[in-house]
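Please open the model in your viewer and keep the sequence panel at hand. The tour below proceeds by selection, one stop after another.

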Amino acid sequence: MIIVRISRRKNPPGPPGLPFVGNLFQFDKANPHIYLWRLSQKYGPLVYLKHGSTPILVVSSTKMARQILKTYDLSFCTRPSVVGQQKLAYDGIDMAFSPYNHHWIQMRKICVLHLLSPKQVSSFRSVREDEVRRVIDKITISRSCNLSDIAMSLASNLICRVAFGRRYDDDEYDKLRFDRLIMEAQALMVSFYFSDHFPVFGNWVDKVSGLLDRLQKNCKELDVFYQQIIDEHLNPSRPKPDRQDIIDLMFELLKHQSSSSSSLHITMDHIKALLMNLFVAGTDTVAAAVVLTMTALMLNPTIMNKAQTEIKQLIGNKGTVDEDDIKKLPYLKAVVLESLRLYPPAPLIFRTQISNQHCTIDGYKIEPGTSVFINGWAMARDPETWKDPDEFRPERFTNSSWDGGVFEMIPFGGGRRGCPGMGMGLISTELALANLLYSFDWALPSDGDNDGVDTEALPGLTMHKKNPLVLVATPTGCI
Ligand code: HEM
């Protein structure tokens, strides 16, 4: 039950800030989720910060997250409008960074009904099985492997084949170009733009610092990259593909839009903005989920053993785990959920209160336009919700029917803006892990260089390990 307190205090508690800049320079950009979790331990589940002129509400408990994502979902279903993300999203005509408006509703409908529907996700089953098989073959040859790199190229290949029907690492030049462009775009999305926090000064500081030029250059290069893929699809001599990819599906919608009742007029820029969303939202997250789960299993060998035993008992000497098998592996599924709880790949969820909406949370009136950071990392460590929250214990989920719709944990967010790629993300992660565990026994390299397995993260929207996960794989003899 939510306690409604009539409070005289205007804002929730929080650390004192400096005049003009507020708490901006106290913010730990390297590990924001951990910094904000510590603040929540001191000030409680609602913390108030100010970054320049932007008020920020930090949410760190299930109870408060439910208020934002369910009770007041409509009030908080827009995204903060920040320079880097808006520019890379063709001025917000994408889905992930678009403000909540009629355009977003139409884009979301297209995505949920046509591009990422359960039927569409299962139509890409053979792509996932093929890509995972290639990974297993590669590891069988190399044995000692950087799982962080392997998971990233697996996830990139999956998204590239789903989005535009081509593997991204078939051509070394294309692979390097794609990696460089996407990495630069991700860095620019989370860079500090002075104009985001001090809009009254215009954008001259970002111009002088060279950040806007860098952003402009990245947007232009990405645009050329997207256009090239689109042109390949428009080429009349292109061989007929086995299955439609996302660009084919978007072209189909584009062809029929004049006869449909939808008032969204799809243009090439919409297609490009959506491609950016799929690359950014669907690649890193899946790669991070695979690596963080393997990290958790290396730290908990008994659990790894139990998961391997379950898989081997079901699969025997069949040689590979396919997607039908995954449904019969409840312990593996529980391992993935526990990993998503304790190490959410996207630990912070960013929302903004719509400017004409007013609401009161836990007795505090929230100003319209307040940015909200929901901290999934902190929620996973809340002892009011989880018994022994710091322990990696998949048994919490062995009898669970968790489907993303409850707010104890929110690895895929929730409400109107919850992740539309959850189905694809989960099955890709489960399939990759099942095959890694079935095919190999895993150990740390014994070259004296290794300091064990850690869970330190790099800065960014997605939680990537700071130190890559390098392991030695010994074939189990099942393949
Ligand atoms: C394990 C994998 C994944 C995780 C952990 C994850 C997590 C998330 C989270 C936390 C959000 C924000 C939700 C919110 O604000 O409530 C999100 C949004 C989104 N995700 Fe995912 N995601 C994953 C996989 C994918 C995949 C595979 C795709 C597409 C191919 C995808 C596409 C998107 C898009 C387009 C949005 C923006 C939705 C909107 O703003 O309306 N995600 N995801």
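Two strands count as paired if DSSP finds at least two bridges between them. With that criterion in mind, select Val58, which stands opposite Phe373 in β7. The model on display is a predicted one.

**First stop: the four-stranded sheet**

Extend the selection to strand β2 (residues 54-59) and strand β7 (residues 371-375); the two run parallel and are joined by four bridges. Next, add the rest of the sheet, an open arrangement of four strands in the order β1-β2-β7-β4 with mixed pairing. Its edges are formed by β1 (46-51) and β4, each of which pairs on one side only. Neighbouring strands in this sheet are turned against each other by 25 degrees on average, direction ignored. Now display helix α1 (residues 32-43), which packs on the sheet and touches β1, β2, β4 and β7. The direction of helix α1 makes about 125 degrees with that of β1.

**Second stop: the three-stranded sheet**

Proceed to the open sheet with the order β3-β9-β8, in which the pairing is antiparallel. Strands β3 (144-146) and β8 (440-443) stand at the edges; each has a single partner strand, so one side of each lacks a neighbour in the sheet. Here, neighbouring strands are turned by 40 degrees against each other on average, direction ignored. Select β8 together with strand β9 (residues 470-475) to see antiparallel pairing over four bridges. Within this pair, highlight Trp442, whose bridge partner in β9 is Ala473. Then show helix α7 (residues 147-164), which lies across β3, β8 and β9 and runs at about 60 degrees to β3.

**Third stop: the nonpolar cores**

Which residues touch the most other members of the largest nonpolar core? They are Phe279, Met294 and Trp442, in a core of 119 residues. Apart from this core lies another, of 18 residues, among them Ala65, Ile349, Tyr364 and Ile410.

Centre the view on Met294, in helix α14 (residues 284-299). Met294 has a relative accessible area of 0% and is therefore classed as buried, the cut-off being under 20%. Leaving out residues up to four places away in sequence, Met294 touches Leu147, Met304, Leu433, Leu436, Leu437, Trp442, Leu469 and Leu471. Of these contacts, Leu471 may be examined further: Met294 and Leu471 are 177 residues apart in sequence, with their C-alpha atoms 9.9 Å apart.

**Fourth stop: Pro345**

Select Pro345, in the loop between α17 (330-342) and β4 (348-352). Is this loop residue, Pro345, buried or exposed? Pro345 is buried, because its relative accessible area is 5%. Beyond its neighbours within four places in sequence, Pro345 is in contact with Thr285, Ala288, Ala289, Leu292, Leu340, Leu461, Thr462 and Met463. Draw a distance between the C-alpha atoms of Pro345 and Thr462: the separation is 5.5 Å, although the two residues are 117 apart along the chain.

**Fifth stop: the iron atom**

Show the ligand and select Cys419, whose SG is the only protein donor of the iron atom, at 2.3 Å. Cys419 belongs to the loop between α18 (376-380) and α19 (422-439).

**Last stop: confidence**

Finally, colour the chain by pLDDT, which averages 90, with 95% of the residues scoring at least 70. Over residues 1-8 the pLDDT is below 50, and this stretch has nine contacts in the model beyond near neighbours in sequence. Where pLDDT is low, the predicted coordinates should not be read in detail.

Technical notes:
Residues are numbered from 1 along each chain as its sequence is written. This is a predicted model: local features need pLDDT of at least 70, side-chain atom pairs count only at pLDDT 80 or more; totals for chains, interfaces and linings use all residues. Side-chain values use heavy atoms; hydrogens and water are left out. Donors are N, O and S atoms within 2.8 Å of the metal (3.2 Å for Na, K and Ca); water is not among the atoms, so sites may look incomplete. Buried means under 20% relative accessible area, exposed over 50%, partly exposed in between (1.4 Å probe, protein chains only). Contact means heavy atoms within 4.5 Å. A nonpolar core is a set of buried Ala, Val, Leu, Ile, Met, Phe, Trp, Tyr and Cys residues joined through side-chain atoms within 4.5 Å. Axes are lines fitted to C-alpha atoms, for helices over the stretch in contact, and angles run from 0 to 180 degrees between N-to-C directions. pLDDT is the predictor's confidence in each residue, from 0 to 100.
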